Amino acid sequence: MKKLEPLFFLIVFFLLFGSLGYVMGTPNMLNTLMNTAYSLLIETVFYIMGITVLSGALGKILVEFGVVGVLEKILRPLMKPFWNLPGVAALGGVLTFLSDNPAIITLANDKNFSKYFKKYQLISITNFGTAFGMGLVVIVFMAGRGFASAAIIGLVGAVMGSIISTRIAQRMILKEKPDFDQYVVPSKVAEDEIKNESVEVKEQSLFLRILNSLLDGGKSGVNLGLAIIPGVLIISTFVMMLTFGPGEEGYTGAAYEGIALLPAIAEKLDFIFEWLFGFTNPELVAFPMTSLGAVGAALGLIPKFQASGLIDGNAIAVFTAMGMCWSGYLSTHTAMLDSLGYRELTSKAIIAHTIGGLCAGIIAHWLFVLVGLF
């Protein structure tokens, strides 16, 4: 089978780009690829990076002055009845909301955190944490486009989706591994890890604490902003070429031209998307599809959608819910579960999270409809 992989790859590659080149013309296709990537970099990526720097600084200063600890204490009583997780899991939700999915794994590998969990709960925390990944960035981005109230409705949808995803994952894991209904035996971790963070705190002045927090948080925001560049430029460019059609003057090689394949497919299932998510334009399915791989890349679609008059408050609510809940889980779940040592349960976590994300979008749509009645 390995020997046939190059052949399969070449067939798919030439079919894909051959089809694009045939419809658009090869020179136009290549120009559109480069112009779309450049436009996304200048108009979208740097805007998102600005948000990640500011939100990173905010997140760090909230940690430095204990606000995250207070939030964790407030949310702790909700964890057991809704997510069937120990109270300390709330900290993971807050941290992933302020940063990204991998933050939950950093916590899960800490023996002082994982000792509160049963095995099946610790595995399901990948679903719980992923549902809040880049949440602050997504909400601030949507609010910046003029849809703050719709983004809040989407946040509620994402929370509901996270509950569904986490609970389904737990049931599936326990069904296959009944013996996982026991507490985790923490692995031997160096005691110095936790001490190192508090050593520096000593007697710094208030000004220095604020300054260091803002700069360190901003630096982490830059790293996050840089990390989303490949996803936005590669995935979004490709998705846009499959989403939008030719310009008013036909194919000219300008940015955001394409063959409109996704809308043609979605149009066949239009009644399903309209009832479930309230989508009035088939092009809108591109956002949740892109969120499967990277929510940062999906955000790159919003400015073009808005400029084309395709989105409304309902679409933003659904985008926020599904973008937050999925937040690129297809590209992170395997690595996250592998780092926990439970790679064999990846498929179950992914199935549960697929269902949770779909439910998040449906709930956000009908919540938006309900709110609109008042």
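This passage describes two buried side chains of helix H20, a nonpolar surface patch and the covered helix H4. The model is predicted; local features need pLDDT of at least 70, side-chain atom pairs count only at pLDDT 80 or more, and totals for chains, interfaces and linings use all residues. Residues are numbered from 1 along each chain as its sequence is written, and side-chain values use heavy atoms, with hydrogens and water left out.

Helix H20 spans residues 346-372 and contains Lys-348. Helices are DSSP runs (H or I, at least four residues), numbered from the N terminus. Lys-348 has 19% relative accessibility and therefore counts as buried. Buried means under 20% relative accessible area, exposed over 50%, and partly exposed in between (1.4 Å probe, protein chains only). The side chain of Lys-348 makes a polar contact of 2.8 Å with the side chain of Glu-176. A polar contact is a pair of N or O atoms within 3.5 Å; within protein, one must be able to donate a hydrogen and the other to accept it, and residues adjacent in sequence count only if both atoms are side-chain atoms. Apart from neighbours within four places in sequence, Lys-348 is in contact (heavy atoms within 4.5 Å) with Met-172, Ile-173 and Glu-176.

His-353 also lies in H20. Its relative accessible area is 0%, so His-353 is buried. The His-353 side chain has a polar contact of 2.7 Å with the side chain of Ser-165. The side chain of His-353 also reaches the backbone oxygen of Cys-325, at 2.5 Å. Beyond neighbours within four places in sequence, the contacts of His-353 include Asn-127, Thr-130, Trp-326, Tyr-329 and His-333.

A nonpolar patch lies on the surface, with about 880 Å² of accessible area together. Such areas come from the Shrake-Rupley method with a 1.4 Å probe; for residues, only the protein chains shown count as cover. Patch residues have over 30% relative accessible area and no salt bridge (a side-chain nitrogen of Lys or Arg within 4 Å of a carboxyl oxygen of Asp or Glu); nonpolar side chains (Val, Leu, Ile, Met, Phe, Trp, Tyr) are joined within 5 Å. H3 gives the largest share, seven residues. Leu-71, a patch member, is in H3. Its relative accessible area is 35%, so Leu-71 is partly exposed.

Helix H4 (residues 89-98) is mostly covered, with seven of its ten residues buried. Among them are Gly-92, Gly-93 and Val-94. The buried residues of H4 pack against H2, H3, H5, H6, H7 and H8.

How values were computed. Patch = residues over 30% accessible without salt bridge, like charges linked within 9 Å, V, L, I, M, F, W, Y side chains within 5 Å.
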